[in-house]
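I'm opening my notebook for a look through this structure. I'll jot down what I looked up, entry by entry.

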Protein chains: 2
Amino acid sequence: MPDIKHFDPDNALERAERLFWQHGAAKASIQAVTVATGLNRSSLYTTFGGKRELYMAALRRYVRHRSWPAQRRLAEDGRGLPAIRDFFTALIAARCSGEHAGWGCMIVNAHVDGAHTDPEIRALLDEHHRQLRDALHAALETAVEQGQLSPGLATEATAEALVLLAYGVNVRSRTGAAADSLLDTVTATLGLLDGACP
Amino acid sequence: MPDIKHFDPDNALERAERLFWQHGAAKASIQAVTVATGLNRSSLYTTFGGKRELYMAALRRYVRHRSWPAQRRLAEDGRGLPAIRDFFTALIAARCSGEHAGWGCMIVNAHVDGAHTDPEIRALLDEHHRQLRDALHAALETAVEQGQLSPGLATEATAEALVLLAYGVNVRSRTGAAADSLLDTVTATLGLLDGACP
DNA sequence: CCGGTCCTGGAATGGCCGTTCCAGGATAGT
DNA sequence: ACTATCCTGGAACGGCCATTCCAGGACCGG
């Protein structure tokens, strides 16, 4: 009996995600979302609720479609250090070239955008942080098991340091930093791991 | 002949700086600045120009009053690694406790706030980045000279990596991350440096 | 074909935004 | 004391913001 939606909600959410990702929650207006999606205000509000809910949904979509795949690839890659290197290589490529170059990471952007005020966003960011750290920690443990790293390495703290390094890459990429330079930086860091004395 | 200003411009600028620092350029309104400073709109506009100029002035003041002192302390400290450690310790203390806890770093925030659109901001961020990297690089060179680090260390890339680590600390501190955890992370990273094989 | 249900388009609303303007008052040199 | 100069206060402006509302039309089961 009911009418049916004349558009694909997830497709619209992707447009909104891109807008919030690139311009931030404050500067991306509902009007801009309607233009980007081709939807009417009414459809947006009945489908997603207000702007806050729309931003949260977009942020969750970003995590689901952008962060999780990369984290899973890292977590399921059994090669240890090379897996970590590939993770960073792909990260830098995504940040410095292609359609989303200079947009940074929506998760990192959200730290500045809304973490200070909104507890729900903060919880999401904390969970994402924990997951990425765990994935990197697993890769480091694998590297230790395979003899690529010294058994005495503080893998937890090192994993945390690599997460912060990734955040730094994301921050710098917002100014259009060169991929070469970022790659050198990551290489140097992983080189430190490699060369650590037992 | 002229009348004289009935307020201290730099004092007003400091209030504006704090507002922009904490809430970001987009969410801090001129109205909020007038309340925080006690000034009238007219005085703000005749003294600083529009909002963009006010934000730029606040950002410059932040660099001058917050970043430069820490960088100078680091650059003039001749102890090598301990100087770097102290730099990070002070950074984390400033980010996680006291009046500005949870505000992050205004420079890093500006990467998300306005780097994408405004070339002038971008130039400022690039210059700040270069200066911090140079200061860390000098400290690393000192550490190598004093035998604290292996002569083969790639000091430039390592300095860049430390800058990105600092950015990561600033990002995470926006969610109220624990100082202990951040300190452990920094300790682990500096430990990697320390233990690098010659 | 028909009816109830829901989606859609567009206008309307109140509020806050950044910015400007002008009259009035304080100031400092003459 | 006079006057030219500049600062100050407050009102006013147009524009965009997020949000709401309602009428009209599209759909799907019967």
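Before I use anything from UniProt, a note to self: its annotations may be inferred rather than shown by experiment, and feature names are shortened. I also keep in mind that this is a predicted model.

**Entry 1: the record**

I looked up chain A in UniProt, and the unreviewed entry lists residues 29-48 as "DNA-binding region". Then I checked that span in the model: residues 29-48 of chain A are 80% helix and 0% strand. The C-alpha atoms at the two ends of the span are 15 Å apart.

**Entry 2: around DNA strand D**

Which residues come closest to DNA strand D? I found Ile30(A), Tyr45(A), Lys51(A), His6(B) and Ser42(B), out of 22 residues that surround the strand. Sorted by class, the surface near DNA strand D has nine nonpolar, eight polar and five charged residues.

Next I asked which helices help build that surface. At least two residues each come from α2 (30-37) and α3 (41-48) of chain A, and from α3 (41-48) of chain B. The top contributor is α3(A), with three residues.

I also looked from the DNA side. Of the atoms of DNA strand D within 4 Å of the protein, 64% are sugar or phosphate atoms, and the rest are in bases.

**Entry 3: polar atoms at the DNA**

I looked up Ser42 in both chains. In Ser42(A), a side-chain N or O atom sits 3.2 Å from a base nitrogen of DNA strand D. In Ser42(B), a side-chain N or O atom is 2.4 Å from a base oxygen of that strand. His6(B) goes for the phosphate: one of its backbone N or O atoms is 2.7 Å from a phosphate oxygen of DNA strand D.

**Entry 4: the nonpolar core**

Away from the DNA, I checked the largest nonpolar core, which has 127 residues. Ile84(A) and Ile84(B) touch the most other members. Skipping neighbours within four places in sequence, I listed the contacts of Ile84(A): Leu74(A), Leu136(A), Ala139(A), Leu140(A), Leu162(A) and Leu190(A). My textbook-style reminder here is that nonpolar side chains tend to be buried together in soluble globular proteins.

**Entry 5: Ala161(B)**

Ala161(B) is in helix α8 (residues 155-173) of chain B. Why do I call Ala161(B) buried? Because its relative accessible area is 11%, and the cut-off for buried is under 20%.

Leaving out neighbours within four places in sequence, Ala161(B) is in contact with Leu165(A), Thr185(A) and Thr189(A). I checked Thr185(B) too: its C-alpha atom is 13 Å from that of Ala161(B), and the two are 24 residues apart along the chain.

Notes: Residues are numbered from 1 along each chain as its sequence is written. Chains are lettered from A and ligands numbered from 1 in the order in which they are written. This is a predicted model: local features need pLDDT of at least 70, side-chain atom pairs count only at pLDDT 80 or more; totals for chains, interfaces and linings use all residues. Side-chain values use heavy atoms; hydrogens and water are left out. A residue is near a molecule or strand if one of its heavy atoms lies within 4 Å of it. A polar contact is a pair of N or O atoms within 3.5 Å; within protein, one must be able to donate a hydrogen and the other to accept it, and residues adjacent in sequence count only if both atoms are side-chain atoms. Helices (H or I, at least four residues) and strands (E, at least two) are DSSP runs, numbered from the N terminus. Ala, Val, Leu, Ile, Met, Phe, Trp, Tyr, Cys and Pro count as nonpolar, Asp, Glu, Lys and Arg as charged, and the others, Gly among them, as polar. A nonpolar core is a set of buried Ala, Val, Leu, Ile, Met, Phe, Trp, Tyr and Cys residues joined through side-chain atoms within 4.5 Å. Buried means under 20% relative accessible area, exposed over 50%, partly exposed in between (1.4 Å probe, protein chains only). Contact means heavy atoms within 4.5 Å.
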